[in-house]
Amino acid sequence: MNPASALKLMKRTLVLASRGAGTTHPNPMVGAVVAADGRIVGEGWHRRPGEPHAEALALEEAGSAARGGILFVNLEPCDHVGRTAPCTRAIIDAGITHVFAACRDPHFLVDGKGFKALREAGVQVTTGTLGREAEELNRAFFHFSREGTPYMTLKLASTMDGRIAAPDGNSKWITGEKARRAVHRLRAQVDAVMVGVGTVIADDPKLTARDVGRKIQPMRVVLDPALRTPPDSIIVRENQAGSTLLVIGEEVPEDRYQAFQDRGVRLLRLPVEEGLFAWSALAGSLADMGILHVLAEGGGKTAAWMLKTGAVNRLELFLASRVLGASGIPAVGDMGITSMKEAARLSFHRIRRVGEDVQITADVK
């Protein structure tokens, strides 16, 4: 197959895979295409855990036309028995002669075993086509598989001079409708949305992904050392099946703890030092819950804490076409930085207009 055709078909796998955003947790997003005689004969994408993998669906659609064909997939096929049968066995049994995989699966159950099984069965394997793009699509899965901690995205929405609210605390609305909708799309792609208790008290937010087609909502995590979350707040009233998690200090009185627990709210006690949690302890606890990707929102104190502790992997900054001046509330609080060499450094990934605003996506070095 010529390189141009291979590139086009691999791009198609990424489009298919992205349809699983927000539903495949804790699995990665995977798309697959079967090509034979110069045309696509089968496509598939993984929808949710326990359902067939992308490769199996593409092969099923292709049927007998798959024999002697080529399979394109954005991630290494699995070779182990989990909730579904090994994809490698389905590929071999279907008579596929060549597999193009964008990148290797870093999960310890796969991690090269799929490629090895295919090659031992006589199937040619080619890797690397759109590998960077494939890893970007599943960046949270890759990070969690390698580091064992959640991938953290910090969302900030500020004026051009870095203010998130007027002096009176009013922040509605700094950004426009299109930027706010983009935030809902970000929420739809993560496992949890995290804010500080100050945001809950000030704004009483829902912290849900709305009008973007997500059926399973992300968990709502509130950093609340002294358990100041109002019992009548939306995240408490609309808590369903433990969808709200309050991270509290070890000194919170038992009767107050029990009052929230009786309402079905999940609570996590962690040590508090100088009013802040240790990121390593929180990250470990979230990982134990199977949380792969967290979107942190909220005020300047939470942003400063996350950046200072090195918790942030990616920054999503929405800059509004407004200026508030020095009296406005800063987007990032005091990080204790005294020199330029201590500043958090960013690597820009993408800059785009969103309505009247600008969205800057950057990786934190």
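Here are some exercises with worked solutions on a predicted model.

**Exercise 1. The nonpolar cores**

Find how many residues the largest nonpolar core has, and which of them have the most contacts inside it.

*Solution.*
Step 1. Start with the size: the largest nonpolar core has 40 residues.
Step 2. Now look for the residues with the most contacts inside this core, which are Val34, Phe72, Ile96 and Val99.
Step 3. Next, see where the core residues come from. Helices H1 (3-18), H2 (54-62), H4 (113-120) and H6 (139-147) each give two or more residues to this core, and so do strands S1 (31-36), S2 (39-45), S3 (70-73) and S4 (98-101).
Step 4. There is also a second, separate core of 32 residues, with Met219, Trp279, Ala303 and Ala311 among them.
Step 5. Here is a general idea to keep in mind: in soluble globular proteins, nonpolar side chains tend to be buried together.

**Exercise 2. The contacts of Ile96**

Which residues is Ile96 in contact with, leaving aside its neighbours within four places in sequence?

*Solution.*
Step 1. Select Ile96 and set aside its neighbours within four places in sequence.
Step 2. The contacts of Ile96 are then Val34, Leu59, Ala66, Gly69, Ile70, Leu71, Ile91 and Val123.

**Exercise 3. A hairpin and its turn**

Work out how S1 and S2 are joined, and then describe Asp37.

*Solution.*
Step 1. S1 and S2 run antiparallel, and six bridges join them.
Step 2. To follow one of these pairings, take Ala32: its bridge partner in S2 is Gly44.
Step 3. The two strands S1 and S2 form a hairpin, with two residues between them.
Step 4. Asp37 is placed in the loop between S1 and S2. Its phi is near 55°, a positive value in a residue other than glycine.
Step 5. Is Asp37 buried or exposed? The relative accessible area of Asp37 is 78% and exposed means over 50%, so Asp37 is exposed.

**Exercise 4. Two more loop residues**

Describe the backbone at Leu130 and at Pro26.

*Solution.*
Step 1. Leu130 is found in the loop between strand S5 (124-127) and helix H5 (131-137).
Step 2. The phi of Leu130 is near 60°, which is a positive value in a residue other than glycine.
Step 3. With a relative accessible area of 14%, Leu130 falls under the 20% cut-off, so Leu130 is buried.
Step 4. Now turn to Pro26, which lies in the loop between H1 and S1. A cis peptide bond joins His25 and Pro26, with omega at about 0°.

**Exercise 5. Helix H7 and the largest pocket**

Find the buried residues of H7, what covers them, and how many residues H7 gives to the lining of the largest pocket.

*Solution.*
Step 1. Helix H7 spans residues 177-187, and its buried residues are Ala179, Ala182, Val183, His184, Leu186 and Arg187.
Step 2. The cover over these buried residues includes strands S6 (151-158), S8 (192-196), S14 (293-296), S15 (314-319), S17 (346-354) and S18 (357-364).
Step 3. Move on to the largest pocket, which holds about 1300 Å³ of space. It is lined by 48 residues, of which Lys155, Thr199, Asp203, Glu297 and Gly298 lie nearest its centre.
Step 4. H7 gives the most to this lining, with eight residues.
Step 5. Sort the lining by class: 20 residues are nonpolar, 12 are polar and 16 are charged.

**Exercise 6. The largest cavity**

What is the volume of the largest cavity, and which residues line it?

*Solution.*
Step 1. The volume of the largest cavity is about 40 Å³.
Step 2. Its lining is made of Arg139, Thr153, Leu186, Gln189, Val190, His293, Arg314 and Glu316.
Step 3. By class, two of the lining residues are nonpolar, three are polar and three are charged.

**Exercise 7. Comparing Met160 and Thr175**

Locate Met160 and Thr175, and decide how accessible they are.

*Solution.*
Step 1. Met160 lies in the loop between S6 and strand S7 (163-165), while Thr175 lies in the loop between S7 and H7.
Step 2. Met160 has 46% relative accessibility and counts as partly exposed. Thr175 has a relative accessible area of 11% and is buried.
Step 3. Leaving aside neighbours within four places in sequence, Met160 is in contact with Leu319, Ala320, Arg322 and Val323. On the same terms, Thr175 is in contact with Ala157, Arg180, Phe318, Ala320 and Asp357.

Methods: Residues numbered from 1 in each chain as written. Predicted model: local features only at pLDDT ≥ 70, side-chain atom pairs only at ≥ 80, totals over all residues. Heavy atoms only, no water. Core = buried A, V, L, I, M, F, W, Y, C linked by side-chain atoms within 4.5 Å. Buried < 20%, exposed > 50% of the residue type's maximum accessible area, 1.4 Å probe, protein only. Helix = DSSP H or I, 4+ residues; strand = E, 2+ residues; numbered from the N terminus. Contact = heavy atoms within 4.5 Å. 1 Å grid on protein atoms, 1.4 Å probe; cavity = no way out; pocket = protein on both sides within 12 Å on 5 of 7 lines; lining within 4 Å. Points joined across faces, edges and corners; volume = space filled by probe spheres on them. Nonpolar A, V, L, I, M, F, W, Y, C, P; charged D, E, K, R; others polar. Pairing = 2+ DSSP bridges.
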